[in-house]
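Biologist: Could you take me through one part of this model up close? I'd like the sheet and whatever packs around it, in one connected answer.

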Amino acid sequence: MAEIDSRLQALAVQALPEWELADAHLEPIGISENATFRVDTPDKQYVLRIHRPGYHTFTELESEHVWTAALRKAGLDVPVPAQTRGGHVYLTLPFEAEERHIDMLEWVDGELLGNIIQQESGCFAGHFRATGRIAAAMHNQSSAWTLPSGFERQSFDIEGLMGDDPFWGPFWDLPQMSKAQRDVIMSARRTITEQLMCLGYSPETFSLIHADLHPHNLVVSDHGLHVIDFDDCGFGWHHYELAVALYRYRELDRYEDMLASMVDGYREVRPLSETVVAMLPVFYLVRSLVHLGWSAARPEHGKDLSDSIEHTVRQAREWMG
């Protein structure tokens, strides 16, 4: 995560009294999509989020909490928002020439699963099995859920992923990309679009998804796995959910064990066809492509995209044969 600008920290301090936490200790965590802070009181801890401007409408932000409330009701361990003294889950404050939406979530003690995987060389079959169960439980809830009136979230459908104006930006139009690289990316984009067109939008495989369910968004707590960061949640294929969970580990020797464990866990809760599993390489490439667009739209992270572009081009070539 990038470091947080002192002006955003001042905005977080300004927001605290609305939650009656003016005397709480504020500690910056970092800035990825949102600027996040840990808020400590003698009795309780929270996460304060200052949302990125222009990423979601206010209705979409509210809908995130509507869905997580429904997931909690279905028995999933997901974030709990803290209400302001006025009974709201969001606070909107002016910030320079714009406005920022701010919310507060209850802190859950534990260690990020992604950190545990990085630090240890043991077997993580149990954690990936649990991740599969969580993904399946989310999909059970969302595929059967009647959306409340006014509910809005983005869609990771063909247009949202591969269209002319995709949600995370035009990944094929980057200054660092050579013509030869762009040609490969555009060819992959066309082929992926053709394959996605065959999937359809049945609730069996397309519904609300977390869309960022990787191990760095799973907290290993005393009660199991707690899911964090629903900021990207939207309507998408279940294939993408599973691909994101495994994406960082697909080149490891133990990848097959991780995949088998997650698939087994998913099938304990919800059916999963071999056709969906066979489509995961398509969605690994989708993840690489959309991440290029995401990174290019966020230059504040200071990331040189040259290596990522070359890696994605090589991945696309291998996938297309």
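Modeller: Sure. Let's start with a term: two strands count as paired if DSSP finds at least two bridges between them. Keep in mind that this is a predicted model. With that in hand, look at strand β3 (residues 45-50) and strand β5 (residues 98-106), which pair in the antiparallel sense over five bridges. Want a residue to click on? Leu 48 has Met 104 of β5 as its bridge partner.

Now zoom out a bit. Those two strands sit in an open sheet of five, ordered β1-β2-β3-β5-β4, with antiparallel pairing. At the edges you'll find β1 (25-31) and β4 (91-95), each pairing on one side only. From one strand to the next, the twist averages 25°.

Next, the helices. Helix α1 (residues 6-15) lies across β1, β2 (35-40), β3, β4 and β5, and runs at about 140° to β4. Helix α2 (residues 58-73) packs on the sheet too, touching β3, β4 and β5. The direction of α2 makes about 5° with that of β5.

There's a backbone detail worth checking between β4 and β5: the loop there holds Glu 96. Glu 96 is not a glycine, yet it has a positive phi of about 55°. For background, most residues other than glycine have a negative phi. As for the surroundings of Glu 96, its relative accessibility is 57%, so it counts as exposed, the cut-off being over 50%.

You can see a similar backbone setting elsewhere. Asp 229, in the loop between β10 (224-227) and β11 (234-237), has a positive phi of about 60° and is not a glycine either. Asp 229 counts as partly exposed because its relative accessibility is 31%.

Last, the nonpolar packing. The largest nonpolar core has 75 residues, and Leu 161, Tyr 240, Leu 246 and Phe 283 have the most contacts inside it. Helix α10 (residues 280-296) gives the largest share of this core, 10 residues. Apart from that core lies another, of 23 residues, including Leu 8, Ile 31, Val 39 and Ile 102. Back in the largest core, Leu 246 is a good residue to centre on: leaving out residues up to four places away in sequence, Leu 246 touches Phe 128, Tyr 255, Met 258, Leu 259, Met 262, Leu 280 and Tyr 284.

Notes:
Residues numbered from 1 in each chain as written. Predicted model: local features only at pLDDT ≥ 70, side-chain atom pairs only at ≥ 80, totals over all residues. Heavy atoms only, no water. Core = buried A, V, L, I, M, F, W, Y, C linked by side-chain atoms within 4.5 Å. Buried < 20%, exposed > 50% of the residue type's maximum accessible area, 1.4 Å probe, protein only. Helix = DSSP H or I, 4+ residues; strand = E, 2+ residues; numbered from the N terminus. Contact = heavy atoms within 4.5 Å. Axes fitted to C-alpha atoms, helices over the stretch in contact; angles between N-to-C directions.
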